[in-house]
Amino acid sequence: MTLRDRIFQIIFESDTPAAKGFDIALIIMIVLSVTIILLDSVASLQARYGEAFMIAEWVFTVIFTVEYLLRLYCLDRPVRYARSTYGLIDLLSLLPSWLSLIFPGAQALLVIRVLRIMRLFRVLRLMGFVSEGHLLLEALERSRQKILMFLMTVMSLVIVFGALVYLIEPVEAGFTSIPKSIYWAVVTLTTVGYGDISPITPLGQFISAMMMILGYSILAVPTGVFSAEVMRSIRRDHYSDEACPGCGHEGHERDAKYCRRCGTWLNEEAEDPRRKELDEEIEQLQQDRQSINEEMKLLKQERDGTSPSHDGCDHPDEPHEPDEPPNHR
């Protein structure tokens, strides 16, 4: 194994003690680096330990820079990794430190290093959680049109109610413009209720109460849409839309081999193993039948062979005709 292969096994793999130790040490350093960045933002701690924080941060920056370069070195296609999600996160976690040499204050962006803790999923074999996250993203992607329509409806409602309350309420109540009334409508419809603006007329208070009740009602709409798409994604992952060639039933599990209704073989590209067994049984039965027919034929021949043969002799079961008397003429 070459040095490059060894580095690759340690950095990118997690099935050896060295690779696991590297990943765990990397995660610990990421957590410590982010903690130092957060503590450095506290004025009292920065004034007391600012120099130590700066030294520690540069030590982590150099370590992460070497680690990033080693990742590029041990890959056959480093550009592809640099463009990947992990590659971009690694690069973005390094740039603020080096940019701070040119632009003071850029090191505050180093908090993005916390995203590198995503490697914990690979270390602890938790990629199943990542696939579940992809499932949620897929559900959001498919329900975006419904959610967008819902948001447009809500925007229409807050504009209408905001304009209506602006016409009803006096200026003294705080509704000095339609945009400010729309702000009140958004706060009321979402049931937040800051209380900085509130209607004082009975009609305005009635509209406010109706909007709050409506806000509780419409919260179920996007939740239901998203939940339905999540269930559909789960169903698509576990169930197939292919119809049974025997009865046309749909909704079989992806690893199902036979229809749960009629028992038909579902994989049309492969041969049904049961059919091969049945063909062999049919062939065996046909051979058995042929053997039985041959035995029956032999038995019939034996039975027919017990009677006299047709060589000019009379059959014993046929009656004898009397001889003609001699002619004495």
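Buried here means under 20% relative accessible area, exposed means over 50%, and partly exposed is anything in between (1.4 Å probe, protein chains only). The model is predicted, so local features need pLDDT of at least 70 and side-chain atom pairs count only at pLDDT 80 or more, while totals for chains, interfaces and linings use all residues. Residues are numbered from 1 along each chain as its sequence is written, and side-chain values use heavy atoms, with hydrogens and water left out.

**View A. Helix 2, end to end.** Helices are DSSP runs (H or I, at least four residues), numbered from the N terminus. Helix 2 covers residues 17-40, and its end C-alpha atoms sit 34 Å apart. That agrees with the 34 Å expected for 24 residues, because the expected span is 1.5 Å times one less than the number of residues. Its buried residues are Ala 19, Asp 23, Leu 26, Ile 27, Ile 30, Ser 33, Val 34, Ile 36 and Ile 37.

**View B. Tyr 49 and Phe 53 in helix 3.** This is one of four aromatic pairs in the structure; rings of Phe, Tyr and Trp (its six-membered ring) pair if their centres lie within 6.5 Å, with planes under 30 degrees apart called stacked, over 60 edge-to-face and the rest tilted. Here the centres are 6.2 Å apart and the planes at 50°, so the pair is tilted. Both residues lie in helix 3 (residues 43-73), four residues apart, or about one turn. Tyr 49 is partly exposed at 37% relative accessible area, whereas Phe 53 is buried at 13%.

**View C. Phe 60 and Phe 64.** With ring centres 6.3 Å apart and planes at 20°, this pair is stacked. Both residues are buried.

Methods: Helix = DSSP H or I, 4+ residues; strand = E, 2+ residues; numbered from the N terminus.
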